[in-house]
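The following exercises ask the reader to work through a structure step by step. Each task is followed by a worked solution.

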Amino acid sequence: MFDNVWLIPLFPLIGFLINGLLGKKIKNETVIGSIGAFAVLCSFIVSVMTFLKLIGLPGEERVVNVKIFTWMTAGNFNADIAFLIDPLSCLMLLVVTGIGFLIHVYSIGYMHGEEGFYRFFAYLNLFVFSMLLLVMGNNLLLMFVGWEGVGLCSYLLIGYYFHKKSAGDAGKKAFVMNRVGDFGFLLGTFALFWWFGQNHNIWTIQFTELQQNAHLLPTGGVVTIITLCFFLGATGKSAQIPLYTWLPDAMEGPTPVSALIHAATMVTAGVYMIGRMSYLFIRSPETMMVIAVIGGCTALFAATIGTAQNDIKRVLAYSTVSQLGYMFLAMGVGAFTAGVFHLMTHAFFKACLFLGSGAVIHSMHGALHHVHSHDDAQDMRNMGGLRKHMPLTFLTFLVATIAIAGIPGFAGFFSKDEILWQAFANPLHGDLNMLLWGMGACAALLTAFYMFRLVFMTFFGKCRIKEGAEKHLHESPMVIVIPLIVLALLSIVGGYVGLPKLIGDLVGGIPNYLEHYLEPVFANANEYMKDHAHAGHHSHALEWGLMGLSVVIALVGIAVAAMLYLVKPDLPKKFTSAFPALHRAVYNKWYIDELYDFMIVNPCKAMGRFLWKGFDVLVIDGLVNGVAHVVMAFGGVVRYTQTGQIYNYAWTMAFGVVAIVGYYLFK
Amino acid sequence: MENLTNYLLVSAVLFSIGTIGVLTRKNAIVVFMCIELMLNAVNLTFVALSRHLGNLDGQVFVFFIMTVAAAEAAVGLALFISFFNNRESIDIDDANLMKW
Amino acid sequence: MSNILSVMTFLPILGVLLLLFIPKESKGALRGVAMLTTIATFAVSLPILTGFQTNADFQFVENVPWIAAGPFAMRYNIGIDGISLWLVILTTFIMPIAVLSTWTAVEEKVKAYMICLLLLETGMLGAFISLDLFLFYIFWEVMLIPMYFMIGIWGGKNRIYAAVKFFIYTMVGSLLMLVALIYLYFLGTKAGITDFSLLHFFDLKVDPATQTWLFLAFALAFAIKVPMFPLHTWLPDAHTEAPTAGSVILAAIMLKMGTYGYVRFAMPLFPEATHQFTPLIATLAVIGIIYAALVAMVQEDVKKLVAYSSVAHLGFVMLGVFSLNEQGVVGGMLQMLNHGVSTGALFLIVGFIYERRHTRLITDFGGLSKQMPVFATIFMIVTLSSVGLPGTNGFVGEFLILIGAFESSLRWYAVIASSGVIFAAVYMLWMFQRVMFGELDNPKNQVLKDLNLREIAIMVPLIVLIFVMGVYPNPFIEKMTPSVQKVIAKARIEPVATAKAVAPVTVQPEAAPAHPAAEKPAGH
Amino acid sequence: MDISSVFFAIVTIVAVVSALLVVTCKNPINSALSLVLTFFCLATYYVMLDAPFMAAIQIIVYAGAIMVLIVFTIMLLNIRVDANKKSAHQLVLGSVTGVATLLLAGLLLTRGKLAEPVCNITTEMINQQGHTQLIGKVMFTEFLLPFEVTSILLLAAMVGAVILAKRKLS
């Protein structure tokens, strides 16, 4: 029935091969771009068909494994190239291919005239392919293939402008940090495979089989170790503390890349993975707590940094890190549906934000180029008042900003509020709930603040661009604007699929479609949670109250931003001069990069250098050469017996003969 | 026919004289001649013993030794000439390239 | 053809004879004949691959008396099984590439060079197919000499030092092996074995104390060849100084001789000792992985960096082989092939830029991507394969090794070794970045030409193989599995572990509730 | 003491004295001439040992060919008197070794036991058939292959000598 799902990843792969191998020959940008976009569109269509088929099935039959071929078999280890179609993966398929398609279309306009245009589209298609493998893989190993594949594409695309050293560095940093995470992923896979095999003789890494046997797992103990390993993988991919520093640097890549990879899809892979293995994670309260706390901390921490950045993309990058923190917070408190919900809405509005910022940068870049200025096109201090020049971009951007800030009616509100409520109400972590909720709420405040700071600095006020450049600012072409509009619309309506029960009941019993839809995926985990945690009772009034509170928080954030950046633009300066150390620390991202350099990178290099020059060359080779020198020295002494005088040799020979014959004679 | 021992004794004496010559003289050609002397001493032993045993194999061997000596003379003397061309000397002490 | 193995092995010698009759000035003819010979050898090896039956027996066996002096009987006993099959194919596959790679790089003494290459091929093939210990030893030594000359004559600046170091290191090891071999023979004569046949020695029961010493002697010889930490220092020197083809062959095939030696000889012959030394060897392997990675990170010379990465990769192989379960050993065997392909390719790549710029220092390059896009693409793929990215061959091997080691008693070693994947990414990508990315600011680099057709032709088969082995490794695994199982059965002495690792049970979905007894979580 | 013993003694004295002269003469020419004398003495011994053929080739090859070669070389190189730079320890060591050799040979002679004669070639046979014929029979039947091989040896020596001596002379 789902026999044709292999088409979904196949199309981008074909697109990648065509553009990668022949792109240089094709030259025509429209053709290249169309091939790339069309490949993803095909995938999207197949995905929609698959989705429709899936929801046509009764709930309990909505998990389907489709095997393509056996990948490797060694002993009791077996891995297939096989796809898992279930509500979760199907949702992700739609998000990835849908947003992917929009961003491909956008890129045709955005990347116009760039050197290596074909390369960009080839990489982008390869990324979609890898991401689809990650999402659809029915076993840990295939997921890992996608997992590393998206990391590779991220590396390639961040380093797209490879002649810039910073781009190369950023790409490498992303890859290596992801690899640290992958290390955890691998260990988790090993440990899980081994534990099941050793104790229950179930040698498998397939998700459905693991789920069926999840009841064999103990609570805590080995599961904690396994899940922590997996979580390490998630922190790497999804840019959580302590492995988040690569994501802001990743903004070196072209903006569509930031939108697709570093906002909408790849970075959410960690969330997806936890969702995929919720039955595993739920069995370790310790891990769940770690996830929740780290998620909360990241949300808050990244938000603080976001308030002081001037680079438009960096603000968005820290915002992404912060929002990912939200998702992990949701996962950590056991609100898997809420996490996935936020993943989806975040994909809409953050993609919209990134693409909007891309449009701004594009326009700024063109204008600055006209006046031969080398000002930074991404620095918000050079912008301002852009809403007059780019009304459509502004409008879509504003919609997305409202969505992320959590104003009721927009997508972000529903998902974010759901997370905050779950953090507060979910019984899993007992007394920690208040703290988690507090962190989430603070982050929400900061989010509203810095996002509107961004909007105000960019689109409002006086235009601060270099003189003469202002008249060159213009709205982007339709190929760029249309994706923006689509995404903005999604940012508005996207939230209504997951209407909270409270509101749903109010407006006439509209159910929470998403929760219902995802039910089969998280059933195992939810059941377990029901059995092991005592659900507290909270009144509707409390829920309403908290909802109201979060709206107030968002409004306060907006108001502060308006105050500082619209009404009294000189206030921030006063503030920074009042607390220079604090500002410097925040501006420099709390010096985390420097700390990593100091604690890990430099010691590693020093160690390497020491081992090479000190151990390899000095000790080992010293020993080896030392032996040789001893032998040579000995030879140097012995060689004095070789006088080079023929008569010496002759005499020695004659004497030898005499001596030997004499010996036998007198013996 | 003389006593075999006498022949062997003469041969020994000649061999020893040749040895002394090889070991004490420096002129390469004289050394070479001394080697010939030693070879001849050995030849004498062969012939004497062959006669004693009544078997001609020893004498055939002498024949071969002579062949070798002839070849040796040809090559050896050519070497001396070549050496002399290079070093303006025939003193074996000057053939010391193999010295450490 | 029943003697196809012999034909394959000695075909290069025929090529050598042909080369002798070609005047040394006609370089084109010399190269052509060498090329044709290696291609012919590859062609001859293909029927072996297709005709190979997937079972644990030795196939294509030829066994005739050879040297017999009294009771001392050596036989010309050759054959092939799943373990040597792929290594033989790898050898015949790499050789034409190696010949092609030096088409223009070697201009002096072409004749001698080609003769060396062909002799080397015979030596390597012979060593892989020998079933007679003494025959193996002879081929083992035959390999050594052409390589010595290749480094010593056509090498770089410091070639004499490197060549002698290589030679003496290997010689010390093989001498010990010879002693052990003779001792083993005398043990065999007491038990009624009259020849050096490996199959006979497999049945020989050696007491554990003797095993220890014999294993040590064999293990040392192989450890030098692998090379394992701390016996690895000849490798960076040899690789750096050797000409490209030399490096390629050294990395792709000759290093495998060491690991192959463990699988074929040291482990099945001395199971108790293997068991005894597993922790030591695993420790050295893991140290090698981390150590080589750290050292590779700070190298200034591209070739040296690749050489150190070899040490790390072979550390993985050793770890897999000594985990003594199917995943581990199969992974190790696969990794041998993978390393042959990807590191061979890396050396070729280094050769390409060395030929153009006559330098290998990383700092002399930068921004080459712009100037040489095809080269950049190929380099990127090979780099990723070496890093072990899923989808490429490197991943399959590494993963199986690690999962195998994790399942065996080497669990914690596997954990540490896994961190090697991080380091691998660091040093390879850092190198790649410094060479290929950045500004193209060196004027000498601005005039570099992209790869020509010959060079692309060299790389394409390797690239294809990288992906084939990464995406569909099963055919490779299937052919070697029975032999690997046999080796494991011989080398493993823990009955406890074998009892647990019963046949794999893939759990059927409906079978899941049928485990009510196991519902209680097994305490850990 | 019969006549043959007296003759043997005389020949021996001449041989030993001329051999000593070979070693002691300062001028190589004198040494060479003394050596020729020694060769003649040896030829005489061969005659006394019923080996006239050996005596003949002794004269022809040694005294005739080899010595002529040596004398030619000496003259070609125009070597004068051996420079007087003998080192004492060389002289002493050489002499001691020589004397030791002699003593050892003497000891061997007195202690050793001679094998019994095989006696298939007797004086009568030599007298009847002729020494040359007997040698020829052995050489061309039993030792044919070595005999042929010596020809190759001589050829090689000839080529070698030509190449060695020719080089640099031009």
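**Exercise 1. The contact between chains B and D**

Task: State how many residues chain D and chain B each give to their contact, and describe the side that belongs to chain D.

Solution. The model is a predicted one.

Step 1. Count the residues on each side: chain D contributes 75 residues, and chain B contributes 59 residues.

Step 2. Identify the elements of chain D that supply two or more residues to the side touching chain B. These are helix H1 (3–24), helix H2 (28–48), helix H3 (52–77), helix H4 (88–111), helix H6 (131–141) and helix H7 (144–166). The largest contribution, 13 residues, is that of H4(D).

Step 3. Sort the residues of this side of chain D by type: 53 are nonpolar, 17 are polar and 5 are charged.

Step 4. Place the contact among the others. There are 4 pairs of chains in contact, and of these, chains B and D share the most contacts.

**Exercise 2. The remaining pairs of chains**

Task: Determine how many residues chain A and chain D each give to their contact, and how far apart the closest C-alpha atoms of chains B and C lie.

Solution.

Step 1. For chains A and D, the contact takes 8 residues from chain A and 8 residues from chain D. On the side of chain A that touches chain D, 7 residues are nonpolar, 1 is polar and none is charged.

Step 2. Chains B and C are joined by no contact, and their closest C-alpha atoms are 22 Å apart.

Step 3. Chains C and D likewise have no contact between them. For this pair, the closest C-alpha atoms lie 25 Å apart.

**Exercise 3. The form of chain B**

Task: Compare the radius of gyration of chain B with that of a compact globule of 100 residues.

Solution.

Step 1. Begin with the secondary structure. Chain B has 3 helices and 0 strands, and its pattern along the sequence is α-α-α.

Step 2. Compare the two radii. The value for chain B is 17 Å, whereas a compact globule of 100 residues would have a radius of gyration near 13 Å.

Step 3. Consider the box filled by the C-alpha atoms of chain B along the principal axes, which is roughly 50 × 25 × 25 Å.

Step 4. Turn to burial and contacts. Of the 100 residues in chain B, 60% count as buried. Among contacts between residues at least 6 apart in the sequence of this chain, 45% join residues at least 24 apart.

**Exercise 4. The nonpolar cores**

Task: Find which residues have the most contacts inside the largest nonpolar core.

Solution.

Step 1. The largest nonpolar core has 445 residues, and those with the most contacts inside it are Ala351(A), Phe218(C), Leu319(C) and Tyr427(C).

Step 2. Ask which element gives the largest share: helix H15 (residues 336–370) of chain A provides 20 residues of this core. Domain 1 (1–269) and domain 2 (288–491) of chain C each supply at least three residues to the core.

Step 3. A second, separate core has 75 residues, including Leu8(B), Ile74(D), Ile126(D) and Ala165(D).

Step 4. Return to Phe218(C). Leaving aside residues up to four places away in sequence, Phe218(C) touches Met177(C), Ala180(C), Phe265(C) and Ala266(C).

**Exercise 5. Unusual backbone geometry**

Task: Locate the cis peptide bond between Ile241(A) and Pro242(A), and decide whether Lys109(C) and Asp50(D) are buried, exposed or partly exposed.

Solution.

Step 1. In chain A, the bond joining Ile241(A) and Pro242(A) is cis, with omega about 5°. Pro242(A) is in the loop between helix H8 (222–237) and helix H9 (246–249) of chain A.

Step 2. In chain C, a cis peptide bond leads from Val226(C) to Pro227(C), with omega near -10°. Pro227(C) belongs to the loop between helix H8 (208–225) and helix H9 (234–241) of chain C.

Step 3. Lys109(C) is not a glycine, yet its phi is positive, at about 50°. This residue lies in the loop between helix H3 (82–101) and helix H4 (110–129) of chain C. Lys109(C) is partly exposed because 14 other C-beta atoms lie within 10 Å.

Step 4. Asp50(D), also not a glycine, has a positive phi of about 60°. Asp50(D) is found in the loop between H2 and H3 of chain D. With 19 other C-beta atoms within 10 Å, Asp50(D) is partly exposed; a residue counts as buried at 20 or more.

Key. Residues are numbered from 1 along each chain as its sequence is written. Chains are lettered from A and ligands numbered from 1 in the order in which they are written. This is a predicted model: local features need pLDDT of at least 70, side-chain atom pairs count only at pLDDT 80 or more; totals for chains, interfaces and linings use all residues. Two residues are in contact if their C-beta atoms, placed from the backbone, lie within 7 Å. Helices (H or I, at least four residues) and strands (E, at least two) are DSSP runs, numbered from the N terminus. Ala, Val, Leu, Ile, Met, Phe, Trp, Tyr, Cys and Pro count as nonpolar, Asp, Glu, Lys and Arg as charged, and the others, Gly among them, as polar. A residue is buried if 20 or more other C-beta atoms lie within 10 Å of its own, exposed if 12 or fewer, and partly exposed in between; C-beta atoms are placed from the backbone. The radius of gyration is taken over C-alpha atoms; the globule rule is 2.2 Å times the number of residues to the power 0.38. A nonpolar core is a set of buried Ala, Val, Leu, Ile, Met, Phe, Trp, Tyr and Cys residues joined through C-beta atoms within 7 Å. Domain bounds come from an automatic or database domain assignment.
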